[in-house]
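Visitor: Please choose one part of this structure and examine it closely for me. I should like to see how it is placed in the chain as a whole.

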Amino acid sequence: HQPKPGHEWAIEPAPLYDAPFYIGSKKLDGKTALITGGDSGIGRSVALFFAREGADIAIVYLSEDKDAEATKAAVEMEGRRCILIKADVSEREHCRNAVAVAVEKFGRIDVLVNNAAFQIHSTDFAELTEEHFDTTLKTNLYGYFHMAQEAVPHMRPGSAIINTGSVTGIDGSKALVDYSMTKGGIHAFTRALSGNLIEKGIRVNAVAPGPVWTPLNPSDKEAGEVSKFGADTPMKRPAQPEELAPAYVFLASPQCSSYITGEILPVVGGY
Ligand code: NAD
């Protein structure tokens, strides 16, 4: 659009870093994404959806038991490159190394997905130990902070950071007091950092999932019982990880969300 004569824009429209209207093309063609906890649950699904949209993937994983190799194989089946980087995101040095390895392989980071998290259910507040509290904070808050600070110098205008928050960071969960506290912090971090990085052309958003059927939630059902997990949502069920991943594609791709930053997107089954 051109302004009408005499109605010039006060500010020139910003450059569009990617052709945003090529809807139908791959949404992340040629991009590189680093995903923490990309070996399991939501992160694994995000890795596969990103690969289908044309991105190469660096997966940061912590333990061997989640089968990071299977995720790598699935990404490669989509014709994309994938590297696995073992790291504990609560350790600054590990984060620095993870970013260095990804940048050495791919040259830059276009999308950082801060997603790895620690959670233990504990209905009795008095039972929460300091050690448990430390691990929750160090993984969920320090981890996101370290990864973002290490990655930003390698991100160009048009890049995006997506933090996995949680509905517990909005409403709080009585069985997850410390975890809820960190998720609320992640939402505030998202809003604050978005303003801080706006001049660099880096967008920062969060996805706030409701209940999702992943290994993070131990099964609550005894043999023969029906699980109550997710029953309090209007949809009366938890999400599958694949129902979260499209929200990450949307927030990662300048084709979809070039004018969206600092937002918390709930994916909560109407909750
Ligand atoms: P998940 O257990 O499948 O994935 C969590 C991942 O984080 C795992 O790969 C785990 O190894 C990794 N991780 C944990 N501590 C780490 C550390 N110190 N360093 C590196 N990696 C570490 O669970 P998920 O449900 O897919 O969780 C993904 C994200 O979604 C988390 O941020 C979680 O808080 C959030 N979330 C999940 C739900 C849910 O109901 N599943 C709801 C709201 C938010």
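Guide: Two residues are taken to be in contact if their C-beta atoms, placed from the backbone, lie within 7 Å. With contact understood in that way, and among pairs at least 6 apart in sequence, 73% of the contacts in the protein chain join residues at least 24 apart. The model is a predicted one. Its protein chain holds 8 helices and 7 strands, and 44% of its 271 residues are buried.

The part I propose to examine is the packing of helix H1, residues 41-52, against helix H7, residues 245-252. The axes of these two helices come within 9 Å and cross at roughly 55 degrees. Angles from 65 to 115 degrees would count as roughly perpendicular, and those under 35 as roughly parallel; H1 and H7 are therefore oblique to each other. The crossing of H1 past H7 is right-handed. On the H1 side, the contact is formed by Ser45, Val46, Phe49 and Phe50. On the H7 side, the participants are Ala245, Pro246, Tyr248, Val249 and Ala252. By class, this contact comprises 8 nonpolar residues and 1 polar residue, with no charged residue.

H7 itself is mostly covered, since 6 of its 8 residues count as buried, which means that each of the 6 has 20 or more other C-beta atoms within 10 Å of its own. The buried residues are Ala245, Ala247, Tyr248, Val249, Leu251 and Ala252. Among them, Ala245, Tyr248, Val249 and Ala252 also take part in the contact with H1. In this connection, an α-helix has 3.6 residues a turn, so residues three or four places apart point the same way.

H1 has a further role in the model, in relation to the ligand. The ligand is surrounded by 29 residues, and the closest are Gly37, Gly41, Ala116, Ala117 and Leu216. H1 gives the most to this shell, with 3 residues. The shell divides into 12 nonpolar, 14 polar and 3 charged residues, whereas the contact of H1 with H7 has no charged residues.

The loop between strand S6 (203-209) and H7 contains Lys236. Lys236 has a positive phi of about 55 degrees, although it is not a glycine. Most residues other than glycine have a negative phi. Lys236 has 10 C-beta neighbours inside 10 Å and therefore counts as exposed, while H7, which follows the loop, is mostly covered.

A second helix pair offers a useful parallel. Helix H3 (residues 92-106) and helix H4 (residues 130-151) pack with their axes 9 Å apart, at an angle of about 40 degrees. This angle makes H3 oblique to H4, and their crossing is right-handed. Here Arg92, Cys95, Arg96 and Val99 of H3 meet His146, Met147, Glu150 and Ala151 of H4. That contact divides into 4 nonpolar, 1 polar and 3 charged residues.

The loop between strand S4 (111-114) and H4 holds Asp124. Asp124 is exposed because it has 8 other C-beta atoms within 10 Å. A distance leads from that loop back to the part under study: the C-alpha atoms of Asp124 and Phe250 are separated by 38 Å, and these residues lie 126 residues apart along the chain.

Note on methods. Residues are numbered from 1 along each chain as its sequence is written. This is a predicted model: local features need pLDDT of at least 70, side-chain atom pairs count only at pLDDT 80 or more; totals for chains, interfaces and linings use all residues. A residue is near a molecule or strand if its C-beta atom, placed from the backbone, lies within 6 Å of it. Helices (H or I, at least four residues) and strands (E, at least two) are DSSP runs, numbered from the N terminus. Ala, Val, Leu, Ile, Met, Phe, Trp, Tyr, Cys and Pro count as nonpolar, Asp, Glu, Lys and Arg as charged, and the others, Gly among them, as polar. Axes are lines fitted to C-alpha atoms, for helices over the stretch in contact, and angles run from 0 to 180 degrees between N-to-C directions. Angles under 35 degrees count as roughly parallel, over 145 as roughly antiparallel, 65 to 115 as roughly perpendicular and the rest as oblique. A crossing is left-handed if the near helix is turned anticlockwise from the far one by less than a right angle, and right-handed if clockwise. A residue is buried if 20 or more other C-beta atoms lie within 10 Å of its own, exposed if 12 or fewer, and partly exposed in between; C-beta atoms are placed from the backbone.
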